[in-house]
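Subject: Structure for your files

Dear colleague,

Here is the structure you will be working from. My notes on it follow below.

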Amino acid sequence: MSNAPAICTDRPTKSNATCTVDAGHFQLESDLFNGAVLHTAGATIDTYFVTNPTLKFGLDKTIDIEVNIAPFEVVRTRDASGSASTLGGVGDLYLRLKDNLYNSADGAFSVTTIPYVKAPTARDGIGNGAVEGGVLFPVSRKLTDKLTFLTVPEIDALADSTGGGRHLNTAQLVNLAYGLPMNVTVYGELWGDWNFDPGRTIRQYSADIAVAWGAGAALQFDGGLNFGLDKQTPGVQVYVGISRKF
């Protein structure tokens, strides 16, 4: 590990960094806990992930392959009368290929693509039972030695809630990361998602904050809070996580 680049992760926040795992190395990035609370249409929906690991492997100096699945996810729904139901089980499986297309000579500007596909491994009520996919386009710009700007436009083809068709989903975020002493980085982010389901368009918005600590060249700890800005977004989401390169 002494000659390998320091760990660079897609954690924390909802963003995805432009960096990839260096060739021949594995990297594990995971929530240790992730919980969210959504109040909608008179109901309260609590969603919890009991770990949510992503395993990455560097194929060459600019491309890695990534696999993500939550081994156990819990969805608890309570209606206005107080009646509650709980579902638990494995989440959906996501496969991603991350390709760092361009880095400027000074390292200040970078562009990456991340096509992905989702396999429906989750039970009904946790997943929707459909194969889906899309592509993300992380773009980063280093503004100063300590401050980095990141934006990640996303386009997805999602299954319609009724029928067998597909519809457009798109997401966008802006993220500022500021480096502090002792290998600490703080993040502020604004995120939006627009799901154009023929049955009902769903718009979600959040303001997110997070912090990460590099505990060495190959280990990172992080945590964050996401605050929903509309009624279709979880009012609060809290998570803590860990990343390790091997």
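In this predicted model, the side chains of Ser140 and Thr18 are joined by a polar contact of 3.3 Å. Ser140 sits in strand 10, which covers residues 139-142. Its relative accessible area is 11%, and because the cut-off for buried is under 20%, Ser140 counts as buried. Leaving out residues up to four places away in sequence, Ser140 touches Thr18, Ala108, Phe109, Ser110, Thr148, Phe149 and Leu150.

Leu150 also belongs to the largest nonpolar core. That core has eight residues, and the other members are Ile114, Tyr116, Leu136, Val152, Ala171, Leu173 and Trp191. Two elements, strand 8 (109-119) and strand 13 (166-180), give two or more residues to this core. A second, separate core has five residues, among them Ala177, Tyr187, Ala210 and Tyr239.

Trp191, from the largest core, is in contact with Ala171 and Leu173 of that core, and also with Lys14, Gln172, Gln204, Tyr205, Ser206, Asp208 and Thr233. Neighbours within four places in sequence are left aside in that list.

Next, the strand pairing. Strand 9 (residues 132-136) and strand 12 (residues 154-159) run antiparallel and are joined by four bridges. Leu136, another member of the largest core, stands opposite Glu154 in strand 12. Strand 12 also runs antiparallel to strand 13, with six bridges between them. In this pair, Asp156 stands opposite Asn169 in strand 13. Strand 12 and strand 13 form a hairpin with six residues between the strands, and Gly163 in this hairpin takes a positive phi near 85°.

Last, a loop residue. Asp106 lies in the loop between strand 7 (93-103) and strand 8. Is Asp106 buried or exposed? With a relative accessibility of 61%, Asp106 is exposed, because the cut-off for that class is over 50%. The side chain of Asp106 makes two polar contacts that I noted. One is with the side chain of Ser104, at 2.6 Å. The other reaches the backbone nitrogen of Ala108, at 3.0 Å; Ala108 is also one of the residues that Ser140 touches. Asp106 and Lys142 are 36 residues apart along the chain, and their C-alpha atoms are separated by 9.9 Å.

Regards

Terms used:
Residues are numbered from 1 along each chain as its sequence is written. This is a predicted model: local features need pLDDT of at least 70, side-chain atom pairs count only at pLDDT 80 or more; totals for chains, interfaces and linings use all residues. Side-chain values use heavy atoms; hydrogens and water are left out. Buried means under 20% relative accessible area, exposed over 50%, partly exposed in between (1.4 Å probe, protein chains only). A polar contact is a pair of N or O atoms within 3.5 Å; within protein, one must be able to donate a hydrogen and the other to accept it, and residues adjacent in sequence count only if both atoms are side-chain atoms. Contact means heavy atoms within 4.5 Å. A nonpolar core is a set of buried Ala, Val, Leu, Ile, Met, Phe, Trp, Tyr and Cys residues joined through side-chain atoms within 4.5 Å. Two strands pair if DSSP finds at least two bridges between them.
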